[in-house]
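Trainee: Hey, got a minute? I'd like to go through how the two chains fit together.
Mentor: Sure, pull up the model and we'll start.

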Amino acid sequence: MLKHRTRQTLLLWCFLAPSLAIFLLYRVMPVVWNFVLSFQYWSPLKPAEFAGFDHYEDLWYDDVFWQALWNTLLVIASAPIGIALALGLALLVNAEIRCRDVYRTIIFLSYPLMTVAVAIIWRWMFDERVGLINYVARSLHLVDKPIPFLNSFTWALPSVIAANIWQMLGFYMIILLTGLQSIPHELHEAAAIDGASSWRRLRSITLPLLRPSIFLAFVVGMLNSITSFDLVYVMTGGGPGRATEILVTYIYKLGFVQTKFDEAAAVTIVFFVLLIVTAWAANRLAGGNAGAAEIE
Amino acid sequence: MNRYPRWPIHLALIMASFVMLVPFYWVAKTSVSGENIYAYPPSIIPTRVQPFFYVDVWYAIPFARYFLNSLAVSVIAVIANVIFNAMAGYALTHGFRGKNVVLMLFLSCMMVPFQATIIPAYLITGKLGLLDSWLGLALPQCSTIICIFIFKASFDAVPRSLIDAARIDGLPEWRIIWHIMMPLSTAAIATNVILAFIWSWNNFLWPLIMTRSADMQTLPLGLARFLSYQEDTTGALYAFCIMVLAPGLLLFLLAQKEFIRGLTSGATKG
(Lines give C-alpha, C1' and ligand atoms only; values in the text may rest on other atoms or scores of the structure.)
Protein backbone atom coordinates (compact mmCIF):
# COMPACT_ATOMS: atom_id res chain seq x y z
CA MET A 1 0.00 0.00 0.00
CA LEU A 2 1.49 3.26 -1.14
CA LYS A 3 1.34 6.34 1.01
CA HIS A 4 -1.70 8.49 0.33
CA ARG A 5 0.34 11.42 -0.93
CA THR A 6 2.34 9.39 -3.43
CA ARG A 7 -0.82 7.78 -4.71
CA GLN A 8 -2.41 11.19 -5.19
CA THR A 9 0.61 12.47 -7.13
CA LEU A 10 0.58 9.38 -9.32
CA LEU A 11 -3.10 9.86 -10.05
CA LEU A 12 -2.59 13.49 -11.03
CA TRP A 13 0.18 12.48 -13.42
CA CYS A 14 -2.23 9.98 -14.94
CA PHE A 15 -4.72 12.81 -15.49
CA LEU A 16 -2.01 14.80 -17.23
CA ALA A 17 -0.78 11.87 -19.29
CA PRO A 18 -2.97 12.15 -22.42
CA SER A 19 -2.33 15.87 -22.91
CA LEU A 20 1.36 15.47 -22.13
CA ALA A 21 1.62 12.61 -24.59
CA ILE A 22 0.08 14.71 -27.36
CA PHE A 23 2.36 17.69 -26.67
CA LEU A 24 5.46 15.53 -26.43
CA LEU A 25 4.54 13.79 -29.67
CA TYR A 26 3.50 16.84 -31.69
CA ARG A 27 5.41 19.75 -30.16
CA VAL A 28 8.54 18.67 -28.31
CA MET A 29 9.60 15.77 -30.48
CA PRO A 30 9.17 17.69 -33.75
CA VAL A 31 11.40 20.50 -32.51
CA VAL A 32 14.15 18.07 -31.53
CA TRP A 33 13.71 16.00 -34.69
CA ASN A 34 13.79 19.07 -36.92
CA PHE A 35 17.03 20.08 -35.31
CA VAL A 36 18.61 16.66 -35.79
CA LEU A 37 17.26 16.31 -39.32
CA SER A 38 18.73 19.66 -40.37
CA PHE A 39 22.23 18.26 -39.76
CA GLN A 40 21.66 15.03 -41.69
CA TYR A 41 21.41 13.78 -45.23
CA TRP A 42 18.16 11.92 -45.05
CA SER A 43 15.27 10.90 -47.24
CA PRO A 44 12.54 8.38 -46.47
CA LEU A 45 14.36 5.56 -48.29
CA LYS A 46 17.96 6.25 -47.33
CA PRO A 47 19.75 5.73 -44.01
CA ALA A 48 20.77 8.97 -42.34
CA GLU A 49 24.25 10.39 -42.81
CA PHE A 50 25.83 13.24 -40.92
CA ALA A 51 25.79 16.41 -43.02
CA GLY A 52 27.22 19.05 -40.73
CA PHE A 53 26.20 22.52 -41.83
CA ASP A 54 25.76 21.52 -45.48
CA HIS A 55 22.05 22.28 -45.61
CA TYR A 56 22.53 25.66 -44.01
CA GLU A 57 25.30 26.39 -46.47
CA ASP A 58 22.95 25.45 -49.33
CA LEU A 59 20.40 27.85 -47.95
CA TRP A 60 22.99 30.62 -47.88
CA TYR A 61 23.30 30.33 -51.67
CA ASP A 62 19.59 29.69 -52.24
CA ASP A 63 17.86 32.75 -53.73
CA VAL A 64 14.41 31.35 -53.09
CA PHE A 65 15.20 31.01 -49.40
CA TRP A 66 16.28 34.64 -49.14
CA GLN A 67 13.21 35.75 -51.04
CA ALA A 68 10.97 33.73 -48.68
CA LEU A 69 12.76 35.12 -45.64
CA TRP A 70 12.41 38.68 -46.93
CA ASN A 71 8.71 38.19 -47.66
CA THR A 72 8.18 36.75 -44.20
CA LEU A 73 9.85 39.81 -42.68
CA LEU A 74 7.58 42.06 -44.75
CA VAL A 75 4.56 40.16 -43.48
CA ILE A 76 5.74 40.64 -39.89
CA ALA A 77 6.34 44.33 -40.58
CA SER A 78 2.75 44.66 -41.80
CA ALA A 79 1.26 43.54 -38.47
CA PRO A 80 1.34 47.09 -36.99
CA ILE A 81 -0.90 48.36 -39.84
CA GLY A 82 -3.62 45.92 -38.83
CA ILE A 83 -3.15 46.73 -35.16
CA ALA A 84 -3.38 50.49 -35.76
CA LEU A 85 -6.63 50.00 -37.69
CA ALA A 86 -7.95 47.69 -34.99
CA LEU A 87 -7.03 50.20 -32.28
CA GLY A 88 -9.15 52.83 -34.01
CA LEU A 89 -12.05 50.43 -34.29
CA ALA A 90 -11.69 49.31 -30.67
CA LEU A 91 -11.83 52.93 -29.48
CA LEU A 92 -14.93 53.49 -31.62
CA VAL A 93 -16.85 50.40 -30.47
CA ASN A 94 -15.87 51.16 -26.89
CA ALA A 95 -17.78 54.45 -27.08
CA GLU A 96 -21.24 54.56 -25.57
CA ILE A 97 -23.29 54.27 -28.72
CA ARG A 98 -26.28 52.29 -29.83
CA CYS A 99 -25.82 48.95 -31.64
CA ARG A 100 -22.19 48.62 -30.66
CA ASP A 101 -22.60 44.87 -30.14
CA VAL A 102 -23.78 44.58 -33.72
CA TYR A 103 -20.71 46.43 -34.99
CA ARG A 104 -18.48 44.27 -32.85
CA THR A 105 -20.00 41.08 -34.19
CA ILE A 106 -19.73 42.21 -37.79
CA ILE A 107 -16.11 43.27 -37.47
CA PHE A 108 -15.19 40.06 -35.67
CA LEU A 109 -17.12 37.86 -38.08
CA SER A 110 -14.24 37.21 -40.48
CA TYR A 111 -11.90 35.79 -37.86
CA PRO A 112 -13.47 32.38 -37.17
CA LEU A 113 -13.97 31.68 -40.88
CA MET A 114 -12.17 28.95 -42.75
CA THR A 115 -9.09 30.59 -44.23
CA VAL A 116 -9.25 28.56 -47.43
CA ALA A 117 -12.67 30.01 -48.17
CA VAL A 118 -11.48 33.50 -47.23
CA ALA A 119 -8.61 33.08 -49.68
CA ILE A 120 -11.00 32.08 -52.47
CA ILE A 121 -13.24 35.05 -51.69
CA TRP A 122 -10.30 37.43 -51.90
CA ARG A 123 -8.96 35.87 -55.10
CA TRP A 124 -12.34 36.76 -56.49
CA MET A 125 -12.27 40.30 -55.11
CA PHE A 126 -8.79 40.92 -56.54
CA ASP A 127 -9.56 39.37 -59.91
CA GLU A 128 -8.17 41.28 -62.86
CA ARG A 129 -11.15 41.20 -65.22
CA VAL A 130 -14.20 41.04 -62.99
CA GLY A 131 -12.98 41.58 -59.43
CA LEU A 132 -14.87 44.08 -57.36
CA ILE A 133 -11.77 46.06 -56.40
CA ASN A 134 -10.77 46.67 -59.98
CA TYR A 135 -14.35 47.56 -60.82
CA VAL A 136 -14.50 50.18 -58.07
CA ALA A 137 -11.08 51.56 -58.95
CA ARG A 138 -12.05 51.84 -62.61
CA SER A 139 -15.42 53.39 -61.88
CA LEU A 140 -13.75 56.05 -59.77
CA HIS A 141 -11.16 56.55 -62.53
CA LEU A 142 -8.31 55.76 -60.18
CA VAL A 143 -6.76 53.48 -62.77
CA ASP A 144 -7.01 53.30 -66.56
CA LYS A 145 -6.37 49.60 -66.94
CA PRO A 146 -7.34 46.89 -64.44
CA ILE A 147 -4.49 45.86 -62.16
CA PRO A 148 -3.74 42.11 -62.19
CA PHE A 149 -3.25 42.17 -58.41
CA LEU A 150 -2.38 38.54 -57.80
CA ASN A 151 -0.35 38.13 -60.98
CA SER A 152 1.82 41.16 -60.50
CA PHE A 153 5.19 41.10 -58.78
CA THR A 154 4.50 44.44 -57.11
CA TRP A 155 0.94 43.85 -55.98
CA ALA A 156 0.74 40.17 -55.08
CA LEU A 157 2.28 40.36 -51.62
CA PRO A 158 0.42 43.53 -50.55
CA SER A 159 -2.82 41.89 -51.73
CA VAL A 160 -2.21 38.79 -49.63
CA ILE A 161 -1.29 40.97 -46.66
CA ALA A 162 -4.49 43.00 -47.11
CA ALA A 163 -6.58 39.82 -47.08
CA ASN A 164 -4.74 38.70 -43.96
CA ILE A 165 -5.42 42.00 -42.21
CA TRP A 166 -9.08 41.78 -43.22
CA GLN A 167 -9.33 38.40 -41.53
CA MET A 168 -7.34 39.29 -38.41
CA LEU A 169 -8.77 42.76 -37.78
CA GLY A 170 -11.63 41.61 -35.56
CA PHE A 171 -9.31 39.50 -33.46
CA TYR A 172 -6.92 42.37 -32.80
CA MET A 173 -9.91 44.53 -32.01
CA ILE A 174 -11.21 42.10 -29.39
CA ILE A 175 -7.83 41.88 -27.65
CA LEU A 176 -7.51 45.68 -27.58
CA LEU A 177 -11.11 46.05 -26.45
CA THR A 178 -10.48 43.75 -23.50
CA GLY A 179 -7.52 45.93 -22.60
CA LEU A 180 -9.57 49.13 -22.97
CA GLN A 181 -12.31 47.83 -20.74
CA SER A 182 -9.87 46.99 -17.99
CA ILE A 183 -8.81 50.66 -17.73
CA PRO A 184 -10.66 52.07 -14.69
CA HIS A 185 -13.34 54.66 -15.53
CA GLU A 186 -12.30 56.85 -12.61
CA LEU A 187 -9.07 57.78 -14.34
CA HIS A 188 -10.91 59.23 -17.31
CA GLU A 189 -13.45 60.98 -15.14
CA ALA A 190 -10.79 62.53 -12.93
CA ALA A 191 -8.84 63.72 -15.95
CA ALA A 192 -12.00 65.16 -17.51
CA ILE A 193 -12.78 67.09 -14.34
CA ASP A 194 -9.24 68.45 -14.40
CA GLY A 195 -10.04 69.74 -17.87
CA ALA A 196 -8.06 67.32 -20.03
CA SER A 197 -9.32 67.18 -23.62
CA SER A 198 -10.33 63.81 -25.01
CA TRP A 199 -7.25 63.78 -27.28
CA ARG A 200 -5.07 64.41 -24.25
CA ARG A 201 -6.82 61.64 -22.29
CA LEU A 202 -6.25 59.24 -25.17
CA ARG A 203 -2.55 60.06 -25.30
CA SER A 204 -1.82 60.23 -21.59
CA ILE A 205 -4.13 57.60 -20.12
CA THR A 206 -5.48 55.18 -22.68
CA LEU A 207 -2.44 54.49 -24.82
CA PRO A 208 0.10 54.02 -21.99
CA LEU A 209 -2.24 51.71 -20.10
CA LEU A 210 -3.02 49.83 -23.28
CA ARG A 211 0.61 49.10 -24.03
CA PRO A 212 0.59 45.46 -22.83
CA SER A 213 -2.53 44.73 -24.91
CA ILE A 214 -1.03 46.34 -28.00
CA PHE A 215 2.10 44.27 -27.79
CA LEU A 216 0.13 41.16 -27.00
CA ALA A 217 -1.90 41.81 -30.14
CA PHE A 218 1.36 42.21 -32.00
CA VAL A 219 2.82 38.93 -30.75
CA VAL A 220 -0.35 36.98 -31.49
CA GLY A 221 -0.82 38.75 -34.79
CA MET A 222 2.76 38.14 -35.80
CA LEU A 223 2.43 34.45 -35.00
CA ASN A 224 -0.78 34.30 -36.98
CA SER A 225 0.50 36.14 -40.02
CA ILE A 226 3.84 34.45 -40.48
CA THR A 227 2.10 31.11 -40.27
CA SER A 228 -0.62 32.09 -42.75
CA PHE A 229 0.09 29.16 -45.01
CA ASP A 230 -3.52 28.64 -46.10
CA LEU A 231 -3.97 32.15 -47.41
CA VAL A 232 -0.79 32.21 -49.49
CA TYR A 233 -1.20 28.66 -50.75
CA VAL A 234 -4.71 29.22 -52.04
CA MET A 235 -4.45 32.83 -53.18
CA THR A 236 -1.18 32.71 -55.10
CA GLY A 237 0.59 29.43 -54.38
CA GLY A 238 3.69 31.51 -53.67
CA GLY A 239 3.69 33.12 -57.10
CA PRO A 240 3.96 34.87 -59.41
CA GLY A 241 7.48 33.54 -59.56
CA ARG A 242 8.38 33.58 -55.89
CA ALA A 243 6.84 36.96 -55.15
CA THR A 244 4.66 35.71 -52.29
CA GLU A 245 6.74 32.75 -51.15
CA ILE A 246 7.00 32.83 -47.36
CA LEU A 247 9.03 30.49 -45.17
CA VAL A 248 6.10 28.20 -44.30
CA THR A 249 5.11 27.67 -47.92
CA TYR A 250 8.75 27.05 -48.80
CA ILE A 251 9.03 24.45 -46.04
CA TYR A 252 5.95 22.73 -47.41
CA LYS A 253 7.24 22.77 -50.98
CA LEU A 254 10.72 21.53 -50.07
CA GLY A 255 9.36 18.80 -47.83
CA PHE A 256 6.23 17.54 -49.52
CA VAL A 257 6.62 18.52 -53.16
CA GLN A 258 10.35 17.92 -53.65
CA THR A 259 10.67 15.41 -50.74
CA LYS A 260 13.80 17.12 -49.43
CA PHE A 261 12.87 16.61 -45.80
CA ASP A 262 16.36 17.42 -44.54
CA GLU A 263 16.58 20.79 -46.27
CA ALA A 264 13.04 21.65 -45.23
CA ALA A 265 14.10 20.91 -41.65
CA ALA A 266 16.94 23.43 -41.96
CA VAL A 267 14.49 26.09 -43.20
CA THR A 268 12.20 25.21 -40.29
CA ILE A 269 15.01 25.85 -37.83
CA VAL A 270 15.66 29.28 -39.36
CA PHE A 271 11.92 29.98 -39.23
CA PHE A 272 11.84 28.94 -35.61
CA VAL A 273 14.76 31.17 -34.65
CA LEU A 274 13.08 34.11 -36.41
CA LEU A 275 9.89 33.44 -34.48
CA ILE A 276 11.60 33.35 -31.11
CA VAL A 277 13.68 36.46 -31.80
CA THR A 278 10.62 38.46 -32.88
CA ALA A 279 8.53 37.32 -29.92
CA TRP A 280 11.40 38.09 -27.58
CA ALA A 281 11.92 41.54 -29.06
CA ALA A 282 8.20 42.34 -28.84
CA ASN A 283 8.17 41.13 -25.26
CA ARG A 284 11.11 43.36 -24.37
CA LEU A 285 9.42 46.36 -25.96
CA ALA A 286 6.24 45.64 -24.01
CA GLY A 287 8.12 45.85 -20.74
CA GLY A 288 8.63 42.14 -20.28
CA ASN A 289 5.15 40.99 -19.35
CA ALA A 290 3.19 40.51 -22.53
CA GLY A 291 2.28 37.16 -23.92
CA ALA A 292 2.84 33.90 -22.20
CA ALA A 293 5.08 35.03 -19.40
CA GLU A 294 2.49 35.25 -16.65
CA ILE A 295 0.17 32.36 -16.20
CA GLU A 296 0.61 31.44 -12.58
CA MET B 1 -18.39 64.66 -20.87
CA ASN B 2 -20.91 62.71 -22.90
CA ARG B 3 -21.85 65.62 -25.10
CA TYR B 4 -19.88 64.75 -28.20
CA PRO B 5 -21.88 63.97 -31.38
CA ARG B 6 -22.39 60.28 -32.13
CA TRP B 7 -22.89 60.32 -35.85
CA PRO B 8 -19.21 60.42 -36.87
CA ILE B 9 -18.65 57.27 -34.81
CA HIS B 10 -21.59 55.56 -36.46
CA LEU B 11 -20.41 56.68 -39.87
CA ALA B 12 -16.92 55.27 -39.34
CA LEU B 13 -18.26 52.00 -37.96
CA ILE B 14 -20.77 51.62 -40.76
CA MET B 15 -17.96 52.05 -43.26
CA ALA B 16 -15.87 49.46 -41.46
CA SER B 17 -18.80 47.06 -41.31
CA PHE B 18 -19.33 47.61 -45.01
CA VAL B 19 -15.74 46.62 -45.79
CA MET B 20 -16.11 43.54 -43.63
CA LEU B 21 -19.41 42.46 -45.19
CA VAL B 22 -18.99 43.26 -48.88
CA PRO B 23 -16.82 40.22 -49.67
CA PHE B 24 -19.52 37.96 -48.18
CA TYR B 25 -22.19 39.64 -50.21
CA TRP B 26 -20.17 39.44 -53.39
CA VAL B 27 -19.57 35.73 -53.03
CA ALA B 28 -23.11 34.95 -51.94
CA LYS B 29 -24.39 36.88 -54.92
CA THR B 30 -22.16 35.05 -57.37
CA SER B 31 -23.14 31.72 -55.87
CA VAL B 32 -26.82 32.26 -56.64
CA SER B 33 -26.50 34.08 -59.94
CA GLY B 34 -23.21 33.09 -61.54
CA GLU B 35 -23.32 36.36 -63.41
CA ASN B 36 -20.33 38.69 -63.71
CA ILE B 37 -17.99 35.75 -63.95
CA TYR B 38 -17.50 36.87 -67.53
CA ALA B 39 -19.56 40.04 -67.65
CA TYR B 40 -18.19 43.51 -67.23
CA PRO B 41 -19.30 45.75 -65.63
CA PRO B 42 -20.52 43.45 -62.87
CA SER B 43 -24.06 43.96 -61.66
CA ILE B 44 -24.50 44.93 -58.05
CA ILE B 45 -27.84 43.26 -57.51
CA PRO B 46 -28.37 39.71 -58.78
CA THR B 47 -30.99 39.55 -61.53
CA ARG B 48 -31.52 35.84 -62.05
CA VAL B 49 -31.45 34.08 -58.70
CA GLN B 50 -31.33 30.30 -58.90
CA PRO B 51 -29.94 27.49 -56.74
CA PHE B 52 -28.38 25.47 -59.61
CA PHE B 53 -24.81 26.02 -58.50
CA TYR B 54 -25.55 24.46 -55.13
CA VAL B 55 -26.93 21.42 -56.90
CA ASP B 56 -23.84 21.42 -59.13
CA VAL B 57 -21.57 21.21 -56.10
CA TRP B 58 -23.51 18.24 -54.84
CA TYR B 59 -22.95 16.35 -58.09
CA ALA B 60 -19.51 17.63 -59.09
CA ILE B 61 -17.72 16.46 -55.95
CA PRO B 62 -18.35 13.95 -53.17
CA PHE B 63 -19.58 16.72 -50.88
CA ALA B 64 -21.26 14.32 -48.46
CA ARG B 65 -18.03 12.35 -48.07
CA TYR B 66 -15.94 15.48 -47.41
CA PHE B 67 -18.55 16.70 -44.97
CA LEU B 68 -18.55 13.38 -43.15
CA ASN B 69 -14.75 13.41 -42.87
CA SER B 70 -14.67 16.97 -41.60
CA LEU B 71 -17.42 16.24 -39.11
CA ALA B 72 -15.84 13.02 -37.86
CA VAL B 73 -12.45 14.64 -37.34
CA SER B 74 -14.00 17.64 -35.58
CA VAL B 75 -16.11 15.43 -33.32
CA ILE B 76 -13.09 13.34 -32.31
CA ALA B 77 -11.11 16.53 -31.62
CA VAL B 78 -13.93 18.10 -29.60
CA ILE B 79 -14.57 15.04 -27.41
CA ALA B 80 -10.86 14.47 -26.82
CA ASN B 81 -10.33 18.13 -26.02
CA VAL B 82 -13.06 18.28 -23.42
CA ILE B 83 -11.96 15.08 -21.66
CA PHE B 84 -8.18 15.49 -21.83
CA ASN B 85 -8.17 19.21 -21.08
CA ALA B 86 -10.52 18.80 -18.13
CA MET B 87 -8.31 16.07 -16.67
CA ALA B 88 -5.14 18.09 -17.17
CA GLY B 89 -6.80 21.28 -15.90
CA TYR B 90 -7.94 19.45 -12.78
CA ALA B 91 -4.46 18.10 -12.14
CA LEU B 92 -3.04 21.62 -12.41
CA THR B 93 -5.36 22.94 -9.69
CA HIS B 94 -3.38 20.77 -7.24
CA GLY B 95 0.15 21.21 -6.05
CA PHE B 96 2.25 18.16 -6.80
CA ARG B 97 5.81 17.14 -7.45
CA GLY B 98 6.93 18.18 -10.92
CA LYS B 99 4.15 20.71 -11.48
CA ASN B 100 6.59 23.45 -12.41
CA VAL B 101 8.16 21.27 -15.06
CA VAL B 102 4.74 20.63 -16.57
CA LEU B 103 3.88 24.34 -16.57
CA MET B 104 7.19 25.23 -18.18
CA LEU B 105 6.62 22.56 -20.80
CA PHE B 106 3.13 23.83 -21.58
CA LEU B 107 4.28 27.42 -21.85
CA SER B 108 7.15 26.58 -24.16
CA CYS B 109 4.89 24.39 -26.30
CA MET B 110 2.66 27.40 -26.89
CA MET B 111 5.54 29.05 -28.71
CA VAL B 112 5.75 26.20 -31.23
CA PRO B 113 3.31 26.85 -34.07
CA PHE B 114 2.04 23.78 -35.84
CA GLN B 115 3.50 25.01 -39.14
CA ALA B 116 6.99 24.63 -37.68
CA THR B 117 6.41 20.96 -36.91
CA ILE B 118 4.95 19.62 -40.14
CA ILE B 119 7.84 17.46 -41.29
CA PRO B 120 8.45 15.51 -38.08
CA ALA B 121 4.70 15.48 -37.36
CA TYR B 122 4.18 13.73 -40.69
CA LEU B 123 6.98 11.24 -40.02
CA ILE B 124 5.74 10.55 -36.48
CA THR B 125 2.18 9.99 -37.65
CA GLY B 126 3.56 7.66 -40.30
CA LYS B 127 5.42 5.66 -37.66
CA LEU B 128 2.20 5.40 -35.65
CA GLY B 129 0.51 4.03 -38.77
CA LEU B 130 -2.16 6.75 -38.66
CA LEU B 131 -1.57 8.47 -42.00
CA ASP B 132 -4.72 8.92 -44.01
CA SER B 133 -7.10 8.20 -41.13
CA TRP B 134 -9.61 10.16 -39.05
CA LEU B 135 -7.69 9.54 -35.86
CA GLY B 136 -4.44 10.71 -37.42
CA LEU B 137 -6.14 13.86 -38.69
CA ALA B 138 -7.51 14.67 -35.26
CA LEU B 139 -4.62 13.57 -33.05
CA PRO B 140 -2.38 16.69 -33.10
CA GLN B 141 -5.39 18.77 -32.08
CA CYS B 142 -6.71 16.52 -29.37
CA SER B 143 -5.51 18.75 -26.56
CA THR B 144 -4.94 22.49 -26.49
CA ILE B 145 -2.92 24.37 -23.93
CA ILE B 146 -5.13 27.48 -23.90
CA CYS B 147 -8.14 25.27 -23.21
CA ILE B 148 -6.38 23.47 -20.37
CA PHE B 149 -5.87 26.81 -18.67
CA ILE B 150 -9.49 27.76 -19.30
CA PHE B 151 -10.54 24.62 -17.43
CA LYS B 152 -8.01 25.27 -14.69
CA ALA B 153 -9.33 28.79 -14.12
CA SER B 154 -12.88 27.50 -13.99
CA PHE B 155 -12.00 24.68 -11.55
CA ASP B 156 -10.07 27.11 -9.35
CA ALA B 157 -13.30 29.04 -8.86
CA VAL B 158 -15.11 26.01 -7.38
CA PRO B 159 -15.24 26.39 -3.57
CA ARG B 160 -12.68 24.23 -1.76
CA SER B 161 -15.25 23.23 0.86
CA LEU B 162 -17.35 21.50 -1.78
CA ILE B 163 -14.42 19.37 -2.90
CA ASP B 164 -13.36 18.60 0.66
CA ALA B 165 -16.87 17.52 1.52
CA ALA B 166 -16.91 15.19 -1.47
CA ARG B 167 -13.53 13.74 -0.44
CA ILE B 168 -14.79 13.09 3.08
CA ASP B 169 -17.75 11.28 1.57
CA GLY B 170 -15.19 9.08 -0.13
CA LEU B 171 -15.70 10.11 -3.74
CA PRO B 172 -12.77 9.07 -5.97
CA GLU B 173 -10.99 11.85 -7.90
CA TRP B 174 -12.50 11.09 -11.30
CA ARG B 175 -15.98 11.25 -9.83
CA ILE B 176 -15.17 14.61 -8.25
CA ILE B 177 -14.30 15.86 -11.74
CA TRP B 178 -17.34 14.30 -13.35
CA HIS B 179 -20.02 15.02 -10.74
CA ILE B 180 -18.85 18.26 -9.15
CA MET B 181 -16.35 20.10 -11.33
CA MET B 182 -17.87 19.55 -14.75
CA PRO B 183 -21.47 20.56 -13.94
CA LEU B 184 -20.10 23.77 -12.40
CA SER B 185 -17.96 24.55 -15.46
CA THR B 186 -20.44 24.56 -18.32
CA ALA B 187 -19.02 27.86 -19.63
CA ALA B 188 -15.52 26.38 -19.83
CA ILE B 189 -16.89 23.29 -21.57
CA ALA B 190 -18.73 25.43 -24.10
CA THR B 191 -15.58 27.42 -24.80
CA ASN B 192 -13.61 24.22 -25.26
CA VAL B 193 -16.17 22.73 -27.62
CA ILE B 194 -16.40 25.77 -29.81
CA LEU B 195 -12.67 26.49 -30.03
CA ALA B 196 -11.81 22.86 -30.72
CA PHE B 197 -14.54 22.61 -33.33
CA ILE B 198 -13.61 25.77 -35.22
CA TRP B 199 -9.88 25.00 -35.20
CA SER B 200 -10.39 21.50 -36.42
CA TRP B 201 -13.11 22.39 -38.94
CA ASN B 202 -10.91 25.09 -40.55
CA ASN B 203 -7.66 23.15 -40.49
CA PHE B 204 -6.07 22.90 -43.92
CA LEU B 205 -2.34 22.31 -43.75
CA TRP B 206 -2.45 19.07 -41.79
CA PRO B 207 -5.04 17.30 -43.98
CA LEU B 208 -3.16 18.60 -47.03
CA ILE B 209 0.00 16.85 -45.92
CA MET B 210 -1.27 13.63 -44.54
CA THR B 211 -4.26 12.50 -46.58
CA ARG B 212 -3.57 10.34 -49.59
CA SER B 213 -6.86 8.89 -50.72
CA ALA B 214 -9.71 10.93 -52.10
CA ASP B 215 -11.94 9.26 -49.51
CA MET B 216 -10.17 10.92 -46.58
CA GLN B 217 -10.27 14.52 -47.78
CA THR B 218 -11.89 17.12 -45.58
CA LEU B 219 -13.89 20.14 -46.70
CA PRO B 220 -11.08 22.73 -46.81
CA LEU B 221 -8.99 20.32 -48.84
CA GLY B 222 -11.92 19.60 -51.14
CA LEU B 223 -12.41 23.34 -51.59
CA ALA B 224 -8.77 23.94 -52.52
CA ARG B 225 -8.79 20.99 -54.94
CA PHE B 226 -12.03 22.21 -56.47
CA LEU B 227 -10.43 25.58 -57.09
CA SER B 228 -7.41 24.01 -58.74
CA TYR B 229 -9.43 22.18 -61.38
CA GLN B 230 -12.21 24.72 -61.84
CA GLU B 231 -9.94 27.77 -62.08
CA ASP B 232 -12.70 30.04 -60.79
CA THR B 233 -14.81 29.97 -63.91
CA THR B 234 -17.95 28.69 -62.24
CA GLY B 235 -20.47 29.82 -59.68
CA ALA B 236 -20.26 26.36 -58.15
CA LEU B 237 -16.94 27.27 -56.52
CA TYR B 238 -18.60 30.12 -54.68
CA ALA B 239 -21.60 27.99 -53.81
CA PHE B 240 -19.14 25.52 -52.30
CA CYS B 241 -17.53 28.37 -50.34
CA ILE B 242 -20.87 29.33 -48.86
CA MET B 243 -21.70 25.73 -47.99
CA VAL B 244 -18.37 25.33 -46.20
CA LEU B 245 -18.56 28.66 -44.37
CA ALA B 246 -22.13 28.23 -43.19
CA PRO B 247 -21.63 25.72 -40.33
CA GLY B 248 -18.73 27.61 -38.76
CA LEU B 249 -20.52 30.91 -39.12
CA LEU B 250 -23.70 29.55 -37.61
CA LEU B 251 -21.87 28.03 -34.66
CA PHE B 252 -20.01 31.28 -34.10
CA LEU B 253 -23.18 33.36 -34.10
CA LEU B 254 -24.82 30.97 -31.65
CA ALA B 255 -21.91 30.84 -29.25
CA GLN B 256 -20.16 34.13 -29.86
CA LYS B 257 -19.77 34.89 -26.16
CA GLU B 258 -18.03 31.62 -25.35
CA PHE B 259 -15.81 31.93 -28.39
CA ILE B 260 -14.63 35.43 -27.57
CA ARG B 261 -14.19 34.60 -23.92
CA GLY B 262 -12.00 31.66 -24.88
CA LEU B 263 -9.83 33.77 -27.15
CA THR B 264 -9.44 36.65 -24.73
CA SER B 265 -8.74 34.47 -21.73
CA GLY B 266 -6.18 32.77 -23.89
CA ALA B 267 -4.92 36.16 -24.89
CA THR B 268 -4.73 37.76 -21.48
CA LYS B 269 -3.45 34.69 -19.72
CA GLY B 270 -1.11 33.55 -22.44
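**Helices across the chains**

Mentor: Start here: the crossing of H1(A) and H3(B) is left-handed, meaning that the near helix is turned anticlockwise from the far one by less than a right angle (clockwise would be right-handed). Helices here are DSSP runs of H or I with at least four residues, numbered from the N terminus. Keep in mind that this is a predicted model: local features need pLDDT of at least 70, side-chain atom pairs count only at pLDDT 80 or more, and totals for chains, interfaces and linings use all residues. Residues are numbered from 1 along each chain as its sequence is written, and chains are lettered from A and ligands numbered from 1 in the order in which they are written.

Trainee: At what angle do H1(A) and H3(B) pack?
Mentor: About 140 degrees, with the axes 8 Å apart; H1 of chain A covers residues 4-37 and H3 of chain B covers residues 63-92. Axes are lines fitted to C-alpha atoms, for helices over the stretch in contact, and angles run from 0 to 180 degrees between N-to-C directions. H1(A) and H3(B) are therefore oblique to each other; under 35 degrees counts as roughly parallel, over 145 as roughly antiparallel, 65 to 115 as roughly perpendicular, and the rest as oblique.

Trainee: Which residues meet there, H1(A) to H3(B)?
Mentor: From H1(A), they include A:Leu12 and A:Phe15, and from H3(B), B:Phe84 and B:Tyr90 are among them. Contact means C-beta atoms, placed from the backbone, within 7 Å. By class, this contact of H1(A) with H3(B) has 9 nonpolar, 2 polar and no charged residues. Ala, Val, Leu, Ile, Met, Phe, Trp, Tyr, Cys and Pro count as nonpolar, Asp, Glu, Lys and Arg as charged, and the others, Gly among them, as polar.

Trainee: And what about H3(A) and H1(B)?
Mentor: H3(A), residues 63-93, packs with H1(B) at about 130 degrees, axes 10 Å apart. That makes H3(A) oblique to H1(B). Their crossing is left-handed. A:Leu89, A:Leu92 and A:Val93 meet B:Ile9, B:Ala12, B:Leu13 and B:Ala16, and that contact has 7 nonpolar, no polar and no charged residues.

Trainee: Zooming out, how many residues does each chain put into the contact?
Mentor: Chain B gives 78 residues and chain A gives 75. On chain B's side, helix H1 (residues 7-33) gives the most, with 11 residues.

Trainee: New topic: what domains does chain B have?
Mentor: Domain 1 is 1-50 and domain 2 is 52-269, with bounds from an automatic or database domain assignment. Their C-alpha centres lie 32 Å apart.

Notes:
Two residues are in contact if their C-beta atoms, placed from the backbone, lie within 7 Å. Helices (H or I, at least four residues) and strands (E, at least two) are DSSP runs, numbered from the N terminus.
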